[in-house]
2 protein chains.
Amino acid sequence: MNSPSERTRVRRNASRAEYAPEIVNGILDANRICHAAYVESGEPRIIPTLYMRRGAYVYLHGNRQSALLRHLAAGGVAALSVISVEGVVVARSGFHCSMNYHSVVLFGQGEPVPDAEHEGVLEQFVEALIPGHLKRLRRATPQELAATLAVRMPLHEASAKIRTGDPIDDPNDLQADVWAGVIPLLTAVGLPVSSGDLKAGLEVPDYVRAYGVRP
Amino acid sequence: MNSPSERTRVRRNASRAEYAPEIVNGILDANRICHAAYVESGEPRIIPTLYMRRGAYVYLHGNRQSALLRHLAAGGVAALSVISVEGVVVARSGFHCSMNYHSVVLFGQGEPVPDAEHEGVLEQFVEALIPGHLKRLRRATPQELAATLAVRMPLHEASAKIRTGDPIDDPNDLQADVWAGVIPLLTAVGLPVSSGDLKAGLEVPDYVRAYGVRP
(Lines give C-alpha, C1' and ligand atoms only; values in the text may rest on other atoms or scores of the structure.)
Protein backbone atom coordinates (compact mmCIF):
# COMPACT_ATOMS: atom_id res chain seq x y z
CA MET A 1 0.00 0.00 0.00
CA ASN A 2 0.89 3.67 -0.27
CA SER A 3 2.86 3.39 -3.47
CA PRO A 4 3.60 6.70 -5.18
CA SER A 5 1.17 6.63 -8.09
CA GLU A 6 1.44 9.42 -10.63
CA ARG A 7 -1.48 11.08 -8.86
CA THR A 8 0.01 11.12 -5.39
CA ARG A 9 3.71 11.27 -6.19
CA VAL A 10 5.14 14.41 -4.60
CA ARG A 11 6.44 16.54 -7.43
CA ARG A 12 7.75 19.66 -5.65
CA ASN A 13 10.60 19.16 -3.16
CA ALA A 14 10.42 15.43 -3.73
CA SER A 15 13.09 14.88 -1.07
CA ARG A 16 10.42 15.76 1.49
CA ALA A 17 8.14 12.94 0.35
CA GLU A 18 7.37 9.78 2.33
CA TYR A 19 5.32 6.85 1.19
CA ALA A 20 5.75 4.38 4.09
CA PRO A 21 2.39 3.38 5.61
CA GLU A 22 3.57 4.00 9.17
CA ILE A 23 4.45 7.59 8.27
CA VAL A 24 1.19 8.20 6.42
CA ASN A 25 -0.90 6.54 9.15
CA GLY A 26 0.89 8.44 11.91
CA ILE A 27 0.01 11.78 10.32
CA LEU A 28 -3.58 10.72 9.63
CA ASP A 29 -4.04 9.54 13.22
CA ALA A 30 -2.67 12.75 14.68
CA ASN A 31 -5.23 14.93 12.91
CA ARG A 32 -9.01 15.11 12.59
CA ILE A 33 -9.94 17.48 9.78
CA CYS A 34 -9.24 16.83 6.12
CA HIS A 35 -10.13 18.66 2.94
CA ALA A 36 -11.83 16.56 0.28
CA ALA A 37 -11.81 17.53 -3.40
CA TYR A 38 -13.95 15.98 -6.10
CA VAL A 39 -15.18 16.83 -9.57
CA GLU A 40 -18.77 17.89 -10.23
CA SER A 41 -19.85 18.92 -13.74
CA GLY A 42 -16.20 19.10 -14.70
CA GLU A 43 -15.39 21.62 -11.99
CA PRO A 44 -13.47 21.20 -8.75
CA ARG A 45 -15.35 21.14 -5.46
CA ILE A 46 -13.70 21.26 -2.06
CA ILE A 47 -15.02 20.77 1.45
CA PRO A 48 -13.44 20.43 4.90
CA THR A 49 -14.71 17.52 6.94
CA LEU A 50 -13.95 15.30 9.91
CA TYR A 51 -12.31 11.96 9.12
CA MET A 52 -10.85 8.98 10.91
CA ARG A 53 -8.50 6.22 9.84
CA ARG A 54 -9.28 2.62 10.73
CA GLY A 55 -7.03 -0.05 9.24
CA ALA A 56 -6.40 0.59 5.56
CA TYR A 57 -9.34 2.99 5.15
CA VAL A 58 -10.14 6.62 5.78
CA TYR A 59 -13.76 7.15 6.81
CA LEU A 60 -15.95 10.20 6.28
CA HIS A 61 -19.50 10.75 7.50
CA GLY A 62 -22.18 13.38 7.59
CA ASN A 63 -25.60 14.32 6.34
CA ARG A 64 -27.01 11.78 3.92
CA GLN A 65 -27.74 14.60 1.44
CA SER A 66 -24.08 15.71 1.26
CA ALA A 67 -22.99 15.88 -2.38
CA LEU A 68 -19.46 14.74 -1.48
CA LEU A 69 -20.65 11.73 0.50
CA ARG A 70 -23.16 10.69 -2.15
CA HIS A 71 -20.45 10.98 -4.77
CA LEU A 72 -18.14 8.72 -2.75
CA ALA A 73 -20.89 6.26 -1.82
CA ALA A 74 -21.55 5.86 -5.54
CA GLY A 75 -17.90 4.95 -6.17
CA GLY A 76 -16.72 8.39 -7.23
CA VAL A 77 -13.11 9.45 -6.79
CA ALA A 78 -11.80 12.10 -4.43
CA ALA A 79 -8.50 13.58 -3.34
CA LEU A 80 -8.10 14.13 0.40
CA SER A 81 -5.51 16.29 2.09
CA VAL A 82 -4.54 16.58 5.76
CA ILE A 83 -1.99 19.04 7.10
CA SER A 84 -0.70 20.11 10.47
CA VAL A 85 1.52 23.15 10.54
CA GLU A 86 4.15 23.11 13.28
CA GLY A 87 6.20 26.20 12.71
CA VAL A 88 7.11 29.29 10.75
CA VAL A 89 10.56 29.00 9.19
CA VAL A 90 12.30 32.37 9.37
CA ALA A 91 15.10 32.45 6.81
CA ARG A 92 17.68 35.07 5.82
CA SER A 93 15.96 35.63 2.47
CA GLY A 94 12.32 35.79 1.53
CA PHE A 95 12.88 32.98 -0.92
CA HIS A 96 13.78 30.50 1.83
CA CYS A 97 11.13 31.51 4.38
CA SER A 98 8.78 28.57 4.77
CA MET A 99 6.67 26.56 7.17
CA ASN A 100 7.25 23.28 8.96
CA TYR A 101 4.45 20.78 8.49
CA HIS A 102 3.33 17.17 8.19
CA SER A 103 0.87 16.53 5.38
CA VAL A 104 -0.80 13.63 3.61
CA VAL A 105 -2.55 13.47 0.27
CA LEU A 106 -4.78 10.50 -0.50
CA PHE A 107 -6.39 9.70 -3.84
CA GLY A 108 -9.03 7.05 -4.23
CA GLN A 109 -12.44 5.77 -5.07
CA GLY A 110 -15.12 5.86 -2.41
CA GLU A 111 -17.35 3.05 -1.24
CA PRO A 112 -20.26 2.94 1.17
CA VAL A 113 -19.68 1.53 4.63
CA PRO A 114 -21.49 -1.84 4.77
CA ASP A 115 -24.84 -1.62 6.55
CA ALA A 116 -23.70 -4.02 9.25
CA GLU A 117 -20.87 -1.62 10.17
CA HIS A 118 -22.84 1.63 9.91
CA GLU A 119 -23.71 2.12 13.57
CA GLY A 120 -20.29 0.97 14.74
CA VAL A 121 -18.51 3.41 12.45
CA LEU A 122 -20.63 6.31 13.69
CA GLU A 123 -19.80 5.33 17.26
CA GLN A 124 -16.11 5.21 16.44
CA PHE A 125 -16.36 8.74 15.05
CA VAL A 126 -17.65 9.92 18.44
CA GLU A 127 -14.85 8.10 20.23
CA ALA A 128 -12.25 9.44 17.80
CA LEU A 129 -13.42 13.02 18.33
CA ILE A 130 -13.98 12.85 22.11
CA PRO A 131 -12.26 9.82 23.65
CA GLY A 132 -14.25 8.51 26.61
CA HIS A 133 -17.53 10.18 25.68
CA LEU A 134 -19.28 7.39 23.81
CA LYS A 135 -20.02 5.19 26.79
CA ARG A 136 -21.95 8.00 28.51
CA LEU A 137 -24.31 8.39 25.57
CA ARG A 138 -27.59 6.76 24.60
CA ARG A 139 -27.47 4.76 21.39
CA ALA A 140 -28.25 6.48 18.11
CA THR A 141 -31.92 6.42 17.12
CA PRO A 142 -33.08 4.82 13.87
CA GLN A 143 -33.80 8.32 12.57
CA GLU A 144 -30.26 9.48 13.37
CA LEU A 145 -28.75 6.40 11.75
CA ALA A 146 -30.89 6.94 8.66
CA ALA A 147 -29.95 10.61 8.40
CA THR A 148 -26.22 9.90 8.40
CA LEU A 149 -24.13 8.55 5.55
CA ALA A 150 -20.73 6.97 6.15
CA VAL A 151 -18.25 6.22 3.38
CA ARG A 152 -14.66 5.10 3.18
CA MET A 153 -11.68 5.33 0.87
CA PRO A 154 -8.90 2.75 0.74
CA LEU A 155 -5.39 3.94 1.57
CA HIS A 156 -3.88 2.53 -1.62
CA GLU A 157 -2.64 5.78 -3.07
CA ALA A 158 -1.28 8.01 -0.35
CA SER A 159 1.80 10.12 0.13
CA ALA A 160 3.14 12.23 2.94
CA LYS A 161 5.18 15.38 2.72
CA ILE A 162 7.10 16.65 5.71
CA ARG A 163 9.25 19.67 6.44
CA THR A 164 11.00 19.98 9.78
CA GLY A 165 13.93 21.84 11.24
CA ASP A 166 15.97 24.90 10.50
CA PRO A 167 15.78 27.20 7.52
CA ILE A 168 18.06 26.17 4.67
CA ASP A 169 19.64 29.40 3.55
CA ASP A 170 21.96 30.26 0.72
CA PRO A 171 25.56 29.98 1.96
CA ASN A 172 26.10 33.58 0.89
CA ASP A 173 23.45 34.74 3.36
CA LEU A 174 24.73 32.98 6.47
CA GLN A 175 26.78 35.95 7.65
CA ALA A 176 23.97 38.46 7.21
CA ASP A 177 22.84 40.19 10.39
CA VAL A 178 19.43 38.58 10.18
CA TRP A 179 18.01 36.30 12.85
CA ALA A 180 16.96 32.93 11.45
CA GLY A 181 15.18 30.01 13.06
CA VAL A 182 11.78 28.51 13.67
CA ILE A 183 8.75 29.92 15.49
CA PRO A 184 6.86 26.84 16.78
CA LEU A 185 3.09 26.69 16.32
CA LEU A 186 0.98 24.19 18.20
CA THR A 187 -2.62 23.46 18.99
CA ALA A 188 -3.57 24.25 22.56
CA VAL A 189 -6.61 23.00 24.45
CA GLY A 190 -8.52 25.55 26.50
CA LEU A 191 -10.55 24.97 29.65
CA PRO A 192 -13.89 23.29 28.90
CA VAL A 193 -16.93 25.59 28.76
CA SER A 194 -20.13 24.00 30.05
CA SER A 195 -23.22 24.34 27.90
CA GLY A 196 -25.65 27.06 28.96
CA ASP A 197 -28.38 24.47 29.34
CA LEU A 198 -26.29 21.99 31.35
CA LYS A 199 -28.28 19.98 33.86
CA ALA A 200 -27.67 21.25 37.40
CA GLY A 201 -25.05 19.36 39.37
CA LEU A 202 -23.05 17.94 36.45
CA GLU A 203 -19.31 18.47 36.64
CA VAL A 204 -16.75 18.43 33.86
CA PRO A 205 -15.72 14.77 33.56
CA ASP A 206 -12.10 13.66 33.65
CA TYR A 207 -12.04 12.60 30.00
CA VAL A 208 -13.03 16.16 29.03
CA ARG A 209 -10.55 17.78 31.44
CA ALA A 210 -7.80 15.57 30.02
CA TYR A 211 -8.75 16.25 26.39
CA GLY A 212 -5.74 16.15 24.13
CA VAL A 213 -3.36 15.31 26.95
CA ARG A 214 -1.43 12.25 25.86
CA PRO A 215 -0.36 9.68 28.43
CA MET B 1 -18.87 40.52 -4.62
CA ASN B 2 -19.25 37.29 -2.69
CA SER B 3 -22.66 36.35 -4.01
CA PRO B 4 -23.70 32.78 -3.36
CA SER B 5 -23.29 31.19 -6.77
CA GLU B 6 -24.49 27.63 -7.21
CA ARG B 7 -20.87 26.56 -6.77
CA THR B 8 -20.24 28.28 -3.48
CA ARG B 9 -23.72 28.30 -1.99
CA VAL B 10 -23.61 26.45 1.31
CA ARG B 11 -25.92 23.46 0.96
CA ARG B 12 -25.61 21.69 4.34
CA ASN B 13 -26.70 23.64 7.42
CA ALA B 14 -27.40 26.66 5.25
CA SER B 15 -28.26 28.73 8.33
CA ARG B 16 -24.52 28.71 9.11
CA ALA B 17 -23.65 30.38 5.80
CA GLU B 18 -22.38 33.92 5.41
CA TYR B 19 -21.70 35.75 2.18
CA ALA B 20 -20.85 39.27 3.38
CA PRO B 21 -17.39 40.35 2.20
CA GLU B 22 -16.35 41.56 5.65
CA ILE B 23 -17.06 38.10 7.09
CA VAL B 24 -15.26 36.28 4.29
CA ASN B 25 -12.30 38.66 4.36
CA GLY B 26 -12.01 38.46 8.14
CA ILE B 27 -11.68 34.69 8.03
CA LEU B 28 -9.22 34.82 5.13
CA ASP B 29 -7.07 37.40 6.90
CA ALA B 30 -6.97 35.40 10.13
CA ASN B 31 -5.48 32.33 8.45
CA ARG B 32 -2.49 31.50 6.26
CA ILE B 33 -2.90 28.01 4.82
CA CYS B 34 -5.55 27.06 2.29
CA HIS B 35 -6.28 23.90 0.36
CA ALA B 36 -6.59 24.32 -3.39
CA ALA B 37 -8.48 21.82 -5.57
CA TYR B 38 -8.38 21.69 -9.35
CA VAL B 39 -9.10 19.21 -12.12
CA GLU B 40 -6.33 17.48 -14.05
CA SER B 41 -7.17 14.85 -16.67
CA GLY B 42 -10.70 14.77 -15.32
CA GLU B 43 -9.55 13.87 -11.80
CA PRO B 44 -9.46 15.96 -8.65
CA ARG B 45 -6.14 17.21 -7.34
CA ILE B 46 -5.65 18.87 -3.98
CA ILE B 47 -2.73 20.68 -2.41
CA PRO B 48 -2.21 22.74 0.75
CA THR B 49 -0.48 26.05 0.21
CA LEU B 50 0.18 29.44 1.77
CA TYR B 51 -2.08 32.27 0.61
CA MET B 52 -2.74 35.91 1.33
CA ARG B 53 -5.66 38.19 0.61
CA ARG B 54 -5.03 41.66 -0.80
CA GLY B 55 -8.08 43.67 -1.83
CA ALA B 56 -10.50 41.55 -3.84
CA TYR B 57 -7.94 38.84 -4.64
CA VAL B 58 -6.43 35.81 -2.99
CA TYR B 59 -2.78 35.29 -3.97
CA LEU B 60 -0.83 32.05 -4.18
CA HIS B 61 2.85 31.60 -4.97
CA GLY B 62 5.49 28.95 -5.20
CA ASN B 63 7.80 27.06 -7.51
CA ARG B 64 7.29 28.03 -11.15
CA GLN B 65 6.96 24.33 -12.06
CA SER B 66 3.99 23.79 -9.71
CA ALA B 67 1.13 22.16 -11.64
CA LEU B 68 -1.48 24.07 -9.59
CA LEU B 69 0.17 27.46 -10.15
CA ARG B 70 0.67 26.84 -13.87
CA HIS B 71 -2.96 25.79 -14.15
CA LEU B 72 -4.10 29.01 -12.47
CA ALA B 73 -1.68 31.22 -14.38
CA ALA B 74 -3.20 29.81 -17.58
CA GLY B 75 -6.68 30.85 -16.46
CA GLY B 76 -7.75 27.51 -15.03
CA VAL B 77 -10.35 27.28 -12.30
CA ALA B 78 -9.79 26.16 -8.73
CA ALA B 79 -11.73 25.81 -5.51
CA LEU B 80 -9.97 27.06 -2.38
CA SER B 81 -10.90 26.27 1.20
CA VAL B 82 -9.69 27.78 4.46
CA ILE B 83 -10.73 26.58 7.89
CA SER B 84 -9.84 27.32 11.48
CA VAL B 85 -11.21 24.96 14.08
CA GLU B 86 -11.93 26.60 17.42
CA GLY B 87 -13.49 23.90 19.50
CA VAL B 88 -14.87 20.43 19.98
CA VAL B 89 -18.62 20.48 20.60
CA VAL B 90 -19.49 17.83 23.18
CA ALA B 91 -23.19 17.00 22.89
CA ARG B 92 -25.50 14.61 24.75
CA SER B 93 -25.80 12.37 21.69
CA GLY B 94 -23.26 11.30 19.12
CA PHE B 95 -25.45 12.76 16.41
CA HIS B 96 -25.05 16.30 17.76
CA CYS B 97 -21.34 16.18 18.59
CA SER B 98 -19.59 18.63 16.30
CA MET B 99 -16.81 21.18 15.96
CA ASN B 100 -16.80 24.95 16.10
CA TYR B 101 -15.07 26.55 13.14
CA HIS B 102 -14.81 29.45 10.71
CA SER B 103 -14.39 28.41 7.09
CA VAL B 104 -14.38 29.96 3.63
CA VAL B 105 -14.75 28.37 0.22
CA LEU B 106 -13.73 30.33 -2.85
CA PHE B 107 -14.29 29.32 -6.46
CA GLY B 108 -12.69 31.11 -9.34
CA GLN B 109 -10.49 31.39 -12.37
CA GLY B 110 -6.83 32.12 -11.88
CA GLU B 111 -4.74 34.82 -13.49
CA PRO B 112 -1.03 35.58 -13.39
CA VAL B 113 0.15 38.45 -11.24
CA PRO B 114 1.24 41.22 -13.63
CA ASP B 115 5.02 41.37 -14.07
CA ALA B 116 5.19 44.85 -12.60
CA GLU B 117 3.68 43.54 -9.37
CA HIS B 118 5.63 40.27 -9.15
CA GLU B 119 8.41 41.35 -6.78
CA GLY B 120 6.04 43.37 -4.62
CA VAL B 121 3.65 40.44 -4.19
CA LEU B 122 6.50 38.14 -3.16
CA GLU B 123 7.61 40.73 -0.60
CA GLN B 124 4.07 40.96 0.74
CA PHE B 125 4.04 37.20 1.21
CA VAL B 126 7.10 37.48 3.46
CA GLU B 127 5.50 40.29 5.42
CA ALA B 128 2.20 38.38 5.69
CA LEU B 129 3.98 35.30 7.05
CA ILE B 130 6.44 37.06 9.37
CA PRO B 131 5.43 40.67 10.03
CA GLY B 132 8.49 42.86 10.49
CA HIS B 133 10.95 40.50 8.79
CA LEU B 134 10.99 41.87 5.27
CA LYS B 135 12.90 45.06 6.01
CA ARG B 136 15.83 43.08 7.45
CA LEU B 137 16.25 41.08 4.25
CA ARG B 138 18.22 41.63 1.07
CA ARG B 139 16.11 41.98 -2.06
CA ALA B 140 15.24 38.88 -4.05
CA THR B 141 17.76 37.98 -6.75
CA PRO B 142 16.75 37.79 -10.43
CA GLN B 143 17.12 34.00 -10.17
CA GLU B 144 14.77 33.84 -7.17
CA LEU B 145 12.22 36.05 -8.88
CA ALA B 146 12.39 33.90 -12.01
CA ALA B 147 12.00 30.67 -10.04
CA THR B 148 8.79 31.82 -8.36
CA LEU B 149 5.33 32.03 -9.86
CA ALA B 150 2.61 34.17 -8.29
CA VAL B 151 -1.04 33.94 -9.28
CA ARG B 152 -4.28 35.35 -7.98
CA MET B 153 -7.98 34.54 -7.92
CA PRO B 154 -10.73 37.14 -7.67
CA LEU B 155 -13.02 36.95 -4.64
CA HIS B 156 -16.20 37.00 -6.73
CA GLU B 157 -17.55 33.64 -5.63
CA ALA B 158 -16.91 33.07 -1.98
CA SER B 159 -18.89 31.89 0.98
CA ALA B 160 -18.21 31.45 4.65
CA LYS B 161 -19.58 28.85 7.01
CA ILE B 162 -19.38 29.33 10.73
CA ARG B 163 -20.34 27.29 13.77
CA THR B 164 -19.94 28.77 17.22
CA GLY B 165 -21.30 28.18 20.69
CA ASP B 166 -22.96 25.43 22.63
CA PRO B 167 -24.11 22.03 21.42
CA ILE B 168 -27.68 22.00 20.15
CA ASP B 169 -29.14 18.87 21.65
CA ASP B 170 -32.48 17.18 21.27
CA PRO B 171 -34.85 18.51 23.94
CA ASN B 172 -35.36 14.92 25.10
CA ASP B 173 -31.67 14.62 25.96
CA LEU B 174 -31.29 17.75 28.08
CA GLN B 175 -31.94 15.95 31.35
CA ALA B 176 -29.50 13.12 30.66
CA ASP B 177 -26.61 12.85 33.09
CA VAL B 178 -24.10 13.70 30.37
CA TRP B 179 -21.82 16.70 30.48
CA ALA B 180 -22.16 18.90 27.42
CA GLY B 181 -20.23 21.93 26.31
CA VAL B 182 -17.29 23.07 24.26
CA ILE B 183 -13.59 22.21 24.54
CA PRO B 184 -11.76 25.22 23.05
CA LEU B 185 -8.90 24.63 20.63
CA LEU B 186 -6.49 27.39 19.71
CA THR B 187 -3.17 27.89 18.01
CA ALA B 188 -0.36 28.65 20.41
CA VAL B 189 3.02 30.18 19.56
CA GLY B 190 6.07 28.58 21.13
CA LEU B 191 9.38 30.21 22.02
CA PRO B 192 11.51 30.88 18.93
CA VAL B 193 14.27 28.36 18.21
CA SER B 194 17.40 29.90 16.70
CA SER B 195 18.86 28.20 13.65
CA GLY B 196 21.84 25.92 14.30
CA ASP B 197 23.94 28.02 11.95
CA LEU B 198 22.92 31.38 13.40
CA LYS B 199 25.65 34.01 13.21
CA ALA B 200 27.21 34.55 16.63
CA GLY B 201 25.85 37.48 18.61
CA LEU B 202 22.43 37.71 16.98
CA GLU B 203 19.49 37.84 19.37
CA VAL B 204 15.86 37.00 18.75
CA PRO B 205 14.33 40.24 17.46
CA ASP B 206 11.22 41.78 18.96
CA TYR B 207 9.08 41.08 15.92
CA VAL B 208 9.86 37.37 16.30
CA ARG B 209 9.33 37.37 20.08
CA ALA B 210 5.97 39.08 19.55
CA TYR B 211 4.88 36.73 16.78
CA GLY B 212 1.16 36.24 16.74
CA VAL B 213 0.59 38.57 19.67
CA ARG B 214 -2.02 41.06 18.61
CA PRO B 215 -1.90 44.62 19.91
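**Exercise 1. The relation between the two chains**

Determine which turn and which shift lay chain A on chain B in this predicted model, and what relation between the copies results.

*Solution.* Step 1. A turn of 180°, with a shift of 0.0 Å along the axis, lays chain A on chain B with an RMSD of 0.0 Å. Step 2. The two copies are therefore related as by a two-fold rotation axis. Step 3. Within chain A, the C-alpha nearest this axis belongs to Thr187(A), at 2.3 Å from it.

**Exercise 2. The contact between the chains**

State how many residues of chain A are in contact with chain B, and which elements of chain A supply the touching side.

*Solution.* Step 1. On chain A, 78 residues are in contact with 78 residues of chain B. Step 2. At least two residues each come from strands S2 (33-40), S3 (43-50), S6 (77-90), S7 (98-109), S11 (181-189) and S12 (193-194) and from helix H3 (115-129), all of chain A. Step 3. S11(A) gives the largest share, nine residues. Step 4. Sorted by class, the side of chain A that touches chain B has 49 nonpolar, 16 polar and 13 charged residues. Step 5. Of the interface residues of chain A, 100% are also interface residues in chain B, so the copies meet through the same surface.

**Exercise 3. Strand pairing across the chains and in chain B**

Identify the strand of chain B to which S12(A) is joined, and then describe how S2(B) and S3(B) are joined.

*Solution.* Step 1. S12(A) is joined by two bridges to strand S11 (residues 181-189) of chain B, and the two run antiparallel. Step 2. Val193(A) has Val182(B) in S11(B) as its bridge partner. Step 3. In chain B, strand S2 (residues 33-40) and strand S3 (residues 43-50) run antiparallel and are joined by eight bridges. Step 4. One of the partners is Thr49(B) in S3(B), paired with Cys34(B). Step 5. The hairpin of S2(B) and S3(B) has two residues between the strands, and Ser41(B) takes a positive phi near 55° there.

**Exercise 4. A sheet of four strands in chain A**

Give the order of the strands in the open sheet of four strands in chain A, and say which are the edge strands.

*Solution.* Step 1. The order is S4-S5-S9-S8, with antiparallel pairing. Step 2. Strand S4 (52-54) and strand S8 (111-112) are the edge strands, each pairing on one side only. Step 3. S5(A) and S9(A) are joined by seven bridges and run antiparallel; Gly62(A) has Leu149(A) in S9(A) as its bridge partner. Step 4. S8(A) pairs with strand S9 (residues 148-154) of chain A in the antiparallel sense over two bridges, and Pro112(A) has Val151(A) as its bridge partner in S9(A). Step 5. S9(A) is mostly covered, with six of its seven residues buried.

**Exercise 5. The surroundings of Asn63(A)**

Decide whether Asn63(A) counts as buried, exposed or partly exposed, and name its contacts.

*Solution.* Step 1. Asn63(A) lies in strand S5 (residues 57-63) of chain A. Step 2. It counts as partly exposed because it has 14 C-beta neighbours inside 10 Å. Step 3. Neighbours within four places in sequence aside, Asn63(A) is in contact with Ala147(A) and with Arg12(B). Step 4. From Asn63(A) to Gln109(A) there are 46 residues in sequence and 19 Å in space, C-alpha to C-alpha.

**Exercise 6. The two sides of helix H1(A)**

Name the buried residues of H1(A), and explain why they are placed on the same side.

*Solution.* Step 1. In helix H1 (residues 21-29) of chain A the buried residues are Val24(A), Ile27(A) and Leu28(A). Step 2. These residues cover an arc of only 100° around the axis, and therefore lie on the same side of H1(A). Step 3. The face turned away from the buried side carries the exposed residues Glu22(A) and Asp29(A). Step 4. The cover over the buried residues of H1(A) includes S4, S5, S6, S7 and strand S10 (157-163) of chain A.

**Exercise 7. The largest nonpolar core**

State how many residues the largest nonpolar core has and which have the most contacts inside it.

*Solution.* Step 1. The core has 110 residues, and Val90(A) and Val90(B) have the most contacts inside it. Step 2. Not counting residues up to four places away in sequence, Val90(A) touches residues of chain A including Cys97(A), Pro167(A) and Trp179(A). Step 3. Val90(A) also touches Ile130(B), His133(B) and Val208(B).

Conventions
Residues are numbered from 1 along each chain as its sequence is written. Chains are lettered from A and ligands numbered from 1 in the order in which they are written. This is a predicted model: local features need pLDDT of at least 70, side-chain atom pairs count only at pLDDT 80 or more; totals for chains, interfaces and linings use all residues. Two residues are in contact if their C-beta atoms, placed from the backbone, lie within 7 Å. Ala, Val, Leu, Ile, Met, Phe, Trp, Tyr, Cys and Pro count as nonpolar, Asp, Glu, Lys and Arg as charged, and the others, Gly among them, as polar. Two strands pair if DSSP finds at least two bridges between them. A residue is buried if 20 or more other C-beta atoms lie within 10 Å of its own, exposed if 12 or fewer, and partly exposed in between; C-beta atoms are placed from the backbone. A nonpolar core is a set of buried Ala, Val, Leu, Ile, Met, Phe, Trp, Tyr and Cys residues joined through C-beta atoms within 7 Å. The arc is that of the directions from the helix axis to the C-beta atoms. Copies are superposed by least squares on the C-alpha atoms of residues with pLDDT of at least 70 in both.
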